[in-house]
Structure formats: structure tokens, C-alpha cells
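Work through the exercises below with the structure open beside you, trying each task before you read its solution.

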Amino acid sequence: MDHVGGLVATEVLGEALTQTDETDVAAALNIAGVTYDDPSEALKYHKASLEMMSSDDDERKAPVLINVGLAYEALGEVNNAVVYLRRGVDTWKRSNGADDRNIANTLYNLGATFETLGKMEDALHYQSRSLEMSERLAKGQPEPDVASALSGVAVACAATGRKHESLQYHLRAFEMRRALSAEDGDKDVAEATRALGRAYSAVGDHESALNTHMAGLEVLENVHTEDHPDRAAALYEIAQVLSHTGRHDEALQYNQDSLIMRENLYNDPHPDIAMSLDALGLCFRDLGDFRTAELHIRKAGDMRQALYPEHDHPARLGAVYHLQLLDSDSKQDKETESTAESTSSVHASKAKHFDFQSQRSTRQSELTCNLCFIS
């Protein structure tokens with residue numbers, strides 16, 4: 001694809017360089033950058049285009065600034081991405097300011113970039129602006145851009161502690177995805193359904209979460225008839241909700257199904273396999289099978305140790321915590337059994353004492369009979 005992009009770029013530049021107008025060459029450089037899948041190559045052309053543009057040509061500069069920001073984002077250089085995406089939006093506002101789909105999408109990307117940086121209030125600000133503009137452009141009609149923006153706001157709300165607001169935005173996104181879908185097996189509907197299920201769980205409505213996740217799994221089974229990561233993840237999520245509602249036997253089955261599918265999909269070691277092993281271990285713990293629980297949690301811990309060399313990696317620390325939790329539960333269970341046995345022994349002793357006293361009050365013939373039997 002990059003080879004094709006390079007050929008297109010060469011052709012575009014070849015035609016542009018015959019022109020004497022630097023503005024045309026700058027525009028050609030920007031178009032050439034768009035043809036590349038490789039963001040590092042795209043970045044070179046977009047920056048070259050930007051350098052050739054007049055400082056006061058805001059209308060032409062805005063999309064180029066945005067393209068530079070998107071290239072940085074694709075390269076994982078999120079701080080540079082924020083700088084150029086913001087400049088692109090500000091430049092567009094100076095030059096035009098009218099609602100524009102590209103700007104709405106840029107606002108969405110800015111929100112996503114701030115999310116990557118962990119600046120969730122900023123993420124919520126830009127996602128909200130993207131939603132407002134997308135809704136104005138849609139004029140009341142359901143559109144994919146509006147559904148995406150609703151989901152973006154929902155995620156940012158959840159990350160900033162606004163769980164109930166997040167649920168409402170997820171509901172709206174789900175309803176719009178369903179309105180846009182022309183078929184039962186729609187991956188966007190499936191993802192919106194799963195996101196809604198997670199939002200219900202976040203506010204503690206586990207029954208609604210379970211029903212929603214079950215519906216999402218049904219959609220996914222229409223989308224992916226074979227083993228698929230999304231199906232495995234859906235099985236895992238259902239298992240977690242079942243565990244929260246105390247239905248541990250059912251949770252065990254869904255966790256096992258998720259693990260089997262993930263083992264079919266991935267080679268060891270893999271984070272998703274480790275996650276399913278850990279969840280399965282905790283499920284056995286809930287059922288009181290501490291020995292089997294320990295086997296699964298230790299296997300998950302070994303896998304995470306292979307995946308994450310850092311001793312303080314959250315995944316490794318989580319495995320250690322679960323083992324400590326299991327050890328504590330196991331000791332408590334043994335203490336309970338010991339107490340029960342001790343109590344039973346005391347009761348048995350009292351019963352024997354009571355029988356002895358009662359025998360002393362029986363007829364001598366009965367006592368003699370008993371003594372003869374003992375001998």
C-alpha cells in the first residue's frame with residue numbers, strides 16, 4: 001500500500017512541480033502525504049506543505065495542521081498531536097468558523113488524544129464539542145459520526161466519575177447504532193451493546209447489565225460465526241456480571257468458554273488468556289474450591305510474569321493480590337472447619353457424659369447387660 005502511495009505521491013508532485021505557484025505545490029505536498037499509510041512518510045509531506053504556505057493563509061493551513069497532528073497521533077507522539085490539532089482547530093475558527101465534518105472529527109480526535117494522556121476533563125471538553133457540532137450537522141437524523149461522538153462523551157464521563165451521565169450517553173449511542181443498522185449482525189451495534197452493558201455494571205444495575213451483555217453476545221454470534229476475540233471478550237464480561245450476582249456456577253461455565261476460545265485464538269503467553277485464567281481461578285474461589293483456584297491463579301501469574309518483566313506492573317501485582325486473597329480465604333476456611341470440628345467434639349463429649357449419667361440411673365440388669373456386651 002505504501003508503494004502505491006509512493007507512486008501516487010510522485011505523480012501528484014510531478015504535476016505540481018511544473019507549476020510556478022507555491023500554493024499549488026504546497027497543496028500537492030499535502031495530498032501526497034494523504035496517500036501514505038506510513039505516518040512517518042505522511043508527516044514529511046504534510047510538514048513540507050506547511051512550510052511552503054503563507055502565514056496568513058488560514059483557510060488552507062487549517063487542514064494541513066490537522067493532518068500533521070493526525071500523523072503525530074498515528075506515530076504515538078500524543079503531545080505533538082495535541083499541539084497541531086489544536087492549532088488546526090484554532091486556525092479554522094479564525095478563517096471560517098462554520099460547522100464542518102472534518103473539524104468535528106478533529107475535535108473527536110483531540111478528545112481521544114487527551115484520553116491517551118490521561119487528561120480526562122480535557123477529553124470530555126473536546127468530545128462534547130465534537131458531539132455538539134456533529135448533531136448540528138446531522139440536523140436530527142441518525143448518523144455514524146453522532147453515534148461515535150456520543151460514545152466518546154460516554155467514555156469521558158465515566159472516566160471523570162460521571163457514571164450515570166455516561167450510562168445515558170451510552171444508551172443514546174446504542175439506540176442510534178441500532179437505528180442505523182440494516183441487519184442483525186452489525187459489529188457497531190454489538191460494540192455499542194457491550195459498552196452499554198459495562199455502563200449498567202458501573203452503576204450497579206447488574207441485571208440490566210446481564211440482559212444487555214446477553215443481547216450483545218447474540219449479535220456478535222451473527223457477526224462472527226467462528227471463534228473471535230470479541231466473542232471471547234463478551235463471554236468473559238457475562239461471566240463477571242454473573243459472579244457479581246452470585247451465580248457462580250453459571251459464571252464458571254462462561255469463564256471456561258471464554259478461556260477455551262482465547263486458547264484457540266492465541267499462543268501462550270497472552271494477556272487475554274492470563275485474564276481468563278485469573279477470572280476462572282477467582283470463580284473457583286467463590287465456589288470454595290481453593291485448590292483448583294490456586295492452580296489457575298498461579299498459572300495466570302506465571303503467564304503475566306513472562307509477559308511483563310517489570311516487578312511492579314499492575315497485572316503482576318494483581319496476580320499477587322489474588323493469591324494473597326486466596327491464601328487468606330483458605331486459612332479462614334480451615335479455621336472454620338477446625339472450629340466446627342471442635343464444637344462437634346464438645347457436643348459429642350457432652351452426649352457421652354449424658355449417656356453415662358443416664359446409664360447410672362437405669363436398672364442394674366441393663367447395666368450388667370451393657371458390661372457383658374463390652375467385655
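**Exercise 1. Disulfides and buried cysteines**

Task: Find how many disulfides a search of the whole structure gives, and then decide whether Cys157 and Cys283 are buried or exposed.

Solution: The structure is a predicted model, and a search of the whole of it returns zero disulfides. For the second part, the cut-off that matters is that a residue counts as buried when its relative accessible area is under 20%. Cys157 has a relative accessible area of 2%, and therefore belongs to the buried class. Cys283, with a relative accessible area of 1%, is buried as well.

**Exercise 2. The surroundings of a serine**

Task: Locate Ser258 in its helix, classify its accessibility, and list which residues it contacts once the neighbours within four places in sequence are left aside.

Solution: Begin with the helix, which is α13, covering residues 248–265. The relative accessibility of Ser258 is 0%, so the residue counts as buried. With the neighbours within four places in sequence set aside, the contacts of Ser258 are Ala232, Leu235, Tyr236 and Ser276.

**Exercise 3. A salt bridge within one helix**

Task: Describe the salt bridge between Lys44 and Glu41, and explain how the two residues are placed in helix α3.

Solution: The structure holds 18 salt bridges, and one of them joins the side chains of Lys44 and Glu41, with an N to O distance of 3.3 Å. Both residues lie in helix α3 (residues 39–52), and because they are three residues apart there, about one helical turn separates them. In accessibility, Lys44 is exposed, at a relative accessible area of 53%, whereas Glu41 is partly exposed, at 25% relative accessibility.

**Exercise 4. Salt bridges between two helices**

Task: Identify which arginines form salt bridges with Glu237, and state which helices these pairs link.

Solution: Take Arg194 to start with: Glu237 forms a salt bridge with this residue, and the closest N and O atoms are 3.0 Å apart. This pair links distant parts of the chain, since Glu237 is in helix α12 (residues 229–244) and Arg194 is in helix α10 (residues 187–202), 43 residues apart. Next comes Arg198, whose side chain meets that of Glu237 in a salt bridge with an N to O distance of 2.7 Å. Here too distant parts of the chain are linked, with Glu237 in helix α12 and Arg198 in helix α10, 39 residues apart.

The accessibilities complete the picture. Glu237 and Arg194 are both buried, the value for Glu237 being 13% relative accessibility, while Arg198 counts as partly exposed at 35%. Finally, these residues belong to a network of salt bridges that links Glu191, Arg194, Arg198, Asp230 and Glu237.

**Exercise 5. The largest pocket**

Task: Give the volume of the largest pocket, and work out which helices supply its lining and how the lining residues divide by character.

Solution: The largest pocket has a volume of about 290 Å³. Its lining comprises 15 residues, and those that lie nearest the centre are Pro63, Trp92, Asp100, Asn102 and Ile103. At least two lining residues come from each of the helices α4 (58–74), α5 (78–95) and α6 (101–116), and α4 gives the most, with six residues. By character, the lining divides into seven nonpolar, six polar and two charged residues.

Terms used
Residues numbered from 1 in each chain as written. Predicted model: local features only at pLDDT ≥ 70, side-chain atom pairs only at ≥ 80, totals over all residues. Heavy atoms only, no water. 1 Å grid on protein atoms, 1.4 Å probe; cavity = no way out; pocket = protein on both sides within 12 Å on 5 of 7 lines; lining within 4 Å. Points joined across faces, edges and corners; volume = space filled by probe spheres on them. Helix = DSSP H or I, 4+ residues; strand = E, 2+ residues; numbered from the N terminus. Nonpolar A, V, L, I, M, F, W, Y, C, P; charged D, E, K, R; others polar. Disulfide = S-S within 2.5 Å. Buried < 20%, exposed > 50% of the residue type's maximum accessible area, 1.4 Å probe, protein only. Contact = heavy atoms within 4.5 Å. Salt bridge = Lys/Arg side-chain N within 4 Å of Asp/Glu carboxyl O.
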